[in-house]
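Student: I'm new to this one, and I'd rather look closely at a single part than race through everything. Could you start me at one residue and work outwards?

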Amino acid sequence: MKRKKWLPLLAATTLTLTALTGCGSGSGSTEETAVEVPPAVEDNKPVTIQYWHSHAEVQMPAVNDMIAAFQKKYPNITVEPVFQGAYVDLQKKLQAAIAAKEVPAVTNVEVSALPTFADSGAFADLSGYIKRDKVDMNDFSQGMLQAYSYNKKQFGFPLIVSTSVMIYNKTLLDKLGVQPPQKWTDIEEFNKKVAVKENGKTSRYAFSVPGWDTWYLDPWVSNGGGSILNPEHTKTLLDQPDSMRWIQNFNKWLKDGSMHMGYGKGASDTMRQMFLEEKIAMVQHTSAVLKTYLQNAKFEVGVSFIPGDKERKSHIGGAGIVMMDGAPANQKEAAWKFIKFMTDAERNIKWAEGTGYLPTHKSVLNTEEGKQYFAKLPQYKAVFDNFDNVVGRPQHPAYPEFSKKYMEAVGKMILENADPEQVIKEAVKEINTILAES
């Protein structure tokens, strides 16, 4: 859905329409941009707020525990959690709520959708509350924090955070005497030692990269020195030499039989099963499913940060927590208290353990709880050795739409053996049309 198609819907129902002046992922200075908010005063009047969410059923015990603890601390505030389905369903319902002027006070927002809503004035800028209450922003992973800022305003905080990692068969790699590749230059040698080909057919792939979601692909673009968008965010640079390196390498490794890529319905389950059956030695997958691999593998599972080249970063998945700007004034202070409570360091490890997502604060790593957490899940050390290199996706309101175009190009390469350069160039034309209309 093009941004200009639904901006009028939001503009008519929100307090302001923020002009699109840039799409950088940096949080900027909340001191400079902070809006004035009411002073913090003790108000014990009863107030009820709704929290719209996409938490899976398995996460609800942790969610309910947090809400109970919050309401014990603030007995005058009642929090009503309302499950609104998957992220895409939640986003549709938010649009309808904005149109009806009946928004919840607090909601989840999937990380790639934040620019679309924030750009339209749907989310409240939290910078004034942050400044007023002297929230320690430096304690957050900076990449995770910046994913929920836009145009130098902090619209939310990371809450249910994952990142893509390389999950590998440690038993096998130890037996072969190889380590997971840390740099792109390590991959060729890794492939030679790990992939097994018999009679011209691969019986064990060295590694697999998902082709079904650009979240997995985007870090390969930037790690290779490329960029999805130009600095002005008016055109895509996916057809430039450095921005093509990833897909050229993927095509080469696919053709020589050392790399596997899945695309389409069921591809995630297929990749996971092939790994468990030792038909793939290493898979790029979300950290959120690590426990699934640990529980089902008949071998020791290891985790490595994705390999880098000109830089080494991975992107944030999951969702943050934000306040709706159209919420009634008497709910906003309660909403802020809830957001701050849900994301503070005190309960960060317990929350991570209960939901299966990542801690977001640096200070928790060396606490007693943090040490116990890493003792139980040492595989996560690979993520926290690169804590500030877990960063947000490219920020543009049209990202959910235009990113489908280069994902489809990858699908053609996988399924139709299409020339990667040709399909990317075709995708670039479509992407630039979308950007021009945004």
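Student: In which helix is Ala409 found?

Tutor: Ala409 is found in helix 18. Before we look around, note that this is a predicted model, where local features need pLDDT of at least 70 and side-chain atom pairs count only at pLDDT 80 or more, while totals for chains, interfaces and linings use all residues. Residues are numbered from 1 along each chain as its sequence is written, and side-chain values use heavy atoms, with hydrogens and water left out. As for the element names, helices (H or I, at least four residues) and strands (E, at least two) are DSSP runs, numbered from the N terminus.

So, is Ala409 buried or exposed? It counts as buried, because its relative accessibility is 3% (buried means under 20% relative accessible area, exposed over 50%, and partly exposed in between, with a 1.4 Å probe and protein chains only). Setting aside neighbours within four places in sequence, Ala409 is in contact with Val423, Ile424 and Ala427 (contact means heavy atoms within 4.5 Å). Compare that with Val390: Ala409 is 19 residues from it in sequence, and their C-alpha atoms are 26 Å apart in space.

Just past Ala409's helix comes a loop, and Asn417 sits in it, between helix 18 and helix 19 (420-437). Asn417 is exposed, because its relative accessible area is 53%. Its phi is near 55°, a positive value in a residue other than glycine. Lys134 is another residue with phi near 55°, again positive and not a glycine. You'll find Lys134 in the loop between helix 6 (127-133) and helix 7 (142-146), and it is exposed because its relative accessible area is 72%.

Back to helix 18, this time for the pocket. The largest pocket has a volume of about 1400 Å³. Here is how that works: on a 1 Å grid over the protein atoms alone, a pocket is an open set of points with protein on both sides within 12 Å along at least five of seven lines, a cavity is a set where a 1.4 Å probe fits but cannot get out, and lining residues have an atom within 4 Å of a point. Grid points are joined across faces, edges and corners, and a volume is the space filled by probe spheres set on the points. Of the 44 residues lining the largest pocket, Tyr87, Glu110, Ser112, Asp213 and Arg393 are the closest to its centre. Several elements give two or more residues to that lining, including helix 4 (87-100), strand 13 (314-323) and helix 18 (399-416). Helix 18 supplies the largest share, with 6 residues.

Two of those central names turn up again. There is 1 cavity of 30 Å³ or more, and the largest cavity holds about 40 Å³ of space. Among the residues that line it are Ser112 and Arg393, along with Val111, Pro115 and Gln395.

Glu110, also close to the pocket's centre, leads us to strand 3. All of strand 3 (residues 106-110) is buried, 5 of 5, so it is largely enclosed by the rest of the structure. In a regular strand the side chains alternate between the two faces of the sheet. Here both faces are covered, with Val106, Asn108 and Glu110 buried on one side and Thr107 and Val109 on the other. Strand 3 runs antiparallel to strand 13, paired over 5 bridges (two strands pair if DSSP finds at least two bridges between them). In that pairing, Val109 stands opposite Gly320. Strand 3 also runs parallel to strand 1, joined by 2 bridges, with Trp52 opposite Thr107.

Finally, the nonpolar cores (sets of buried Ala, Val, Leu, Ile, Met, Phe, Trp, Tyr and Cys residues joined through side-chain atoms within 4.5 Å). The largest has 56 residues, and Leu114, Phe123, Ile167, Tyr380 and Phe384 touch the most other members. Apart from it lies another core of 44 residues, and Ile424 is among them. You've met Ile424 already: it is one of the contacts of Ala409, which brings us back to where we began.
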